[in-house]
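Work through the following exercises with the model at hand. Each task is followed by a solution in steps.

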Amino acid sequence: HNSYHRGSPNIDKLNFKFYPSVGAGVEALRNGNIEGLSTLPEEAYEDFVQNGGYSIHYPTQHQYTAIFFNENHAESLKTDAVRTALAHATDKELLISSIFGERAQSVDSFILPGSIGYPPDLETNTFDPALASALLEEAGWTLDEGSTVRRNGDEALRFELVIIDSPELSVVADALAAQWLAIGVDLYIRPVEFSFLASDVLRDRSYDMLLSGEQYGIDPDPFAFWHSSQAEYPGLNLSGFRNRSADDLIDAARSTSDASARRENYIELQDIVAEELPAIFLYQPSYFYITPRKIQGISLGTVIVPADRFSLIEKWYIKTRRVISRTD
């Protein structure tokens, strides 16, 4: 039809239904009252995975989750060896496979796959707990016999990790705590409500470490998250990262429309951040969308806002069967 920008859709009409709880939405999906749902509680997830009547889609989200180090709040984090050891003690692949499965992928940077400047060959700190322990020993953090936590003089190698009080981040934080305790680092997890995080914790930068996500719009401009001008509240430079060369690269990338120049700026910027190690980048979460298998033609790329799942909806169609009838 000429009235449609990309041709007439295969499905004529959409109805959106709203439910008071996730459980009510799940039940509506089970009984056929709806034909799409963008969330499932963990206890229902496996049932739908095993059910052959549904398709589950995992488009990536334009965000990453990381552990942000606040060196201004924890003196020991100023030591390169400590931050590097923590990176070597973090088994991202195990964390993701055991918690998320297909619902996340590991990342090593704040520039995500598919974005301009994404570095497939960025040098990172691979999982190596033996090397992590050696680095801490060399830096004076020793593990006494019978103890589980390293000490340097009177100071224990202990950090507080602030997280938003959510099931996902709680599980991730617990996994990190177990991995780091294996090299003698004690991690105390402090869950806070989002309102308190925004009004108090971020305002005062009152955390040793923060486990949090950062989300981009369409453009991967890292200014809001990594420029030194954003290191103080209400800026979102959560590590308080300050580096003049990094600032210059961010500013240069923002001032040009030349894609090649921006790419080079971002690659050099990521090398600086990888060297300084103000954060450990963990994973890029996937958006979740489940539909009955009879709905075909669904192609979901990266989702920036939830409505993006409908960006190619004109290609969706409902699978039908051809029935041959014979009349006398």
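**Exercise 1. Pairing of E6 and E7**

Determine how strand E6 (residues 158-164) pairs with strand E7 (residues 186-192), and which hand the connection between them has in this predicted model.

Solution. Begin with the pairing: E6 and E7 run parallel and are joined by seven bridges. As a reference point, Arg-158 has Asp-186 of E7 opposite to it. Then follow the chain out of E6: it passes through helix H6 (residues 167-181) before reaching E7. The resulting β-α-β crossover is right-handed.

**Exercise 2. The two sides of H5**

Find which residues of helix H5 (residues 129-138) are buried, and state how they are placed around the axis.

Solution. The buried residues in H5 include Ala-132, Ser-133, Leu-135 and Leu-136. These lie on the same side of H5 because they cover an arc of only 160° around the axis. The spacing fits a general rule: an α-helix has 3.6 residues a turn, so residues three or four places apart point the same way. Next, look for what covers them; helix H3 (80-88) is included in that cover. On the face turned away from the buried side, H5 carries the exposed residues Ala-130 and Glu-138. Past the helix comes Gly-140, with a positive phi near 95°.

**Exercise 3. A buried arginine**

Locate Arg-205, and establish what surrounds it and how far away the nearest side chain of opposite charge is.

Solution. Arg-205 sits in the loop between helix H7 (194-204) and strand E8 (209-215). Arg-205 is buried, yet has no salt bridge. The nearest side chain of opposite charge belongs to Glu-232, 6.0 Å away, whereas a salt bridge requires a side-chain nitrogen within 4 Å of a carboxyl oxygen. Leaving out residues up to four places away in sequence, the contacts of Arg-205 include Asn-70, His-73, Gln-230, Glu-232, Tyr-233 and Asn-237.

**Exercise 4. Ile-111 in its loop**

Decide whether Ile-111 is buried or exposed, and list residues that it touches.

Solution. Ile-111 belongs to the loop between strand E3 (104-106) and H5. Its relative accessible area is 2%, and the limit for buried is under 20%, so Ile-111 counts as buried. Apart from residues up to four places away in sequence, Ile-111 touches several residues, among them Ile-116, Tyr-118, Pro-220, Tyr-266 and Gln-270. For a distance across the model, take the C-alpha atoms of Ile-111 and Thr-142: they are 36 Å apart, with the two positions 31 residues apart along the chain.

**Exercise 5. Salt bridges**

Give the number of salt bridges, and describe the pairs Asp-47 with Arg-30 and Glu-137 with Arg-150.

Solution. The count is 14 salt bridges. In one of them, the side chains of Asp-47 and Arg-30 meet at 3.8 Å, N to O. This pair links distant parts of the chain, with Asp-47 in helix H2 (residues 42-50) and Arg-30 in helix H1 (residues 22-30), 17 residues apart. Asp-47 is partly exposed at 45% relative accessible area, and Arg-30 is partly exposed at 40%.

For Glu-137 and Arg-150, the closest N and O atoms are 2.8 Å apart. Glu-137 is in H5, and Arg-150 is in the loop between H5 and strand E4 (151-152), 13 residues apart. Glu-137 is partly exposed at 39%, whereas Arg-150 is buried at 4%.

Conventions:
Residues are numbered from 1 along each chain as its sequence is written. This is a predicted model: local features need pLDDT of at least 70, side-chain atom pairs count only at pLDDT 80 or more; totals for chains, interfaces and linings use all residues. Side-chain values use heavy atoms; hydrogens and water are left out. Two strands pair if DSSP finds at least two bridges between them. Helices (H or I, at least four residues) and strands (E, at least two) are DSSP runs, numbered from the N terminus. A crossover is right-handed if, with the strands pointing away from the viewer, the path from the first strand over the helix to the second runs clockwise. Buried means under 20% relative accessible area, exposed over 50%, partly exposed in between (1.4 Å probe, protein chains only). The arc is that of the directions from the helix axis to the C-beta atoms. Contact means heavy atoms within 4.5 Å. Lys and Arg count as positive and Asp and Glu as negative; His and the chain ends are not counted.
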